[in-house]
Amino acid sequence: MNNKNNERVFKMTFASVYPHYVTKVEKKGRTVAELHTVIFWLTGYNSTHLQRILNDATNFEDFFNQAPQLNPNAAKITGVICGYRVEDIEDPLMQKIRYLDKLIDELAKGKTLEKILRS
């Protein structure tokens, strides 16, 4: 993935992608509450933070840079997303974005929350 594409993704607002996350998990019979559990687990945000992020059109770069705490178990997230192995992505910010993509993908594929949250 080249830097120009990375910059484009970093500047996308979280609010512009969030409805796609909701659609993806709901289409597979999962809930918005489960989606939020996954987002909060990864980032340390809560529902108040999330509402502010959506209202303020926070971009992905700020979404992750301002996250209260990246979960220490995030490094246990492995596998392929968008054709890339998440554990091999060199750009730290892109890796965090792909961690989130991977967790949402696992949720949509029916994995249990216990497995998704690397418990």
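1. Asp-101 has a relative accessibility of 14% and therefore counts as buried, the limit being under 20%. Note that this is a predicted model, and every value below is computed from it. The partner of Asp-101 is Arg-98: the two side chains meet in a salt bridge, with 2.6 Å from N to O. Arg-98 is buried as well, because its relative accessibility is 11%. Both residues belong to helix α6, which covers residues 92-108, and because they are 3 residues apart there, about one helical turn separates them.

2. Asp-101 and Arg-98 also appear in the description of the largest pocket. The space in this pocket is about 230 Å³. It is lined by 14 residues, and those closest to its centre are Val-17, Tyr-21, Cys-82, Arg-98 and Asp-101. Three helices each give the lining at least two residues: α1 (3-11), α2 (14-27) and α6. By class, the lining consists of 9 nonpolar residues, 1 polar residue and 4 charged ones. A reader inspecting the pocket will thus find the buried Asp-101 and the buried Arg-98 among the residues closest to the centre.

3. The Asp-101 and Arg-98 pair is one part of a longer list, as the whole structure contains 8 salt bridges. Another is formed by Glu-106 and Arg-118, whose closest N and O atoms are 2.7 Å apart. Glu-106 sits in helix α6, whereas Arg-118 is in the segment after α7 (113-116), so this salt bridge ties together parts that lie 12 residues apart in sequence. Glu-106 and Arg-118 are both buried.

4. Which residues are joined into one network by salt bridges that share partners? They are Lys-24, Asp-105 and Lys-109.

5. Arg-30 and Glu-34 form a further salt bridge, and here the closest N and O atoms are 3.1 Å apart. Are these two residues buried or exposed? Arg-30 is buried, since its relative accessible area is 13%. Glu-34 has 18% relative accessibility and is also buried, because the limit is under 20%.

6. On the aromatic side, the search of the whole structure gives 7 aromatic pairs. In the pair of Phe-14 and Tyr-18 the ring centres are 6.1 Å apart and the planes stand at 40 degrees, so the pair is classed as tilted. Phe-14 and Tyr-18 are 4 residues apart in helix α2, which means that about one helical turn lies between them. Both of these residues are buried.

7. Phe-63 and Phe-64 make another ring pair. Their centres are 4.9 Å apart and their planes are at 90 degrees, so this pair is edge-to-face; the class requires an angle over 60 degrees. Phe-63 is buried, with a relative accessibility of 0%. Phe-64 is buried too, with a relative accessible area of 5%.

8. The two ring pairs described above belong to a wider arrangement. Ring pairs link Phe-14, Tyr-18, Tyr-21, Tyr-45, Phe-60, Phe-63 and Phe-64 into a cluster. Tyr-21 deserves a second look, as this member of the cluster is also one of the residues closest to the centre of the largest pocket. Helix α2, which holds Phe-14 and Tyr-18, likewise supplies at least two residues of the pocket lining.

Conventions. Residues are numbered from 1 along each chain as its sequence is written. This is a predicted model: local features need pLDDT of at least 70, side-chain atom pairs count only at pLDDT 80 or more; totals for chains, interfaces and linings use all residues. Side-chain values use heavy atoms; hydrogens and water are left out. A salt bridge is a side-chain nitrogen of Lys or Arg within 4 Å of a carboxyl oxygen of Asp or Glu. Buried means under 20% relative accessible area, exposed over 50%, partly exposed in between (1.4 Å probe, protein chains only). On a 1 Å grid over the protein atoms alone, a cavity is a set of points where a 1.4 Å probe fits but cannot get out, and a pocket is an open set with protein on both sides within 12 Å along at least five of seven lines; lining residues have an atom within 4 Å of a point. Grid points are joined across faces, edges and corners, and a volume is the space filled by probe spheres set on the points. Ala, Val, Leu, Ile, Met, Phe, Trp, Tyr, Cys and Pro count as nonpolar, Asp, Glu, Lys and Arg as charged, and the others, Gly among them, as polar. Rings of Phe, Tyr and Trp (its six-membered ring) pair if their centres lie within 6.5 Å; planes under 30 degrees apart count as stacked, over 60 as edge-to-face and the rest as tilted.
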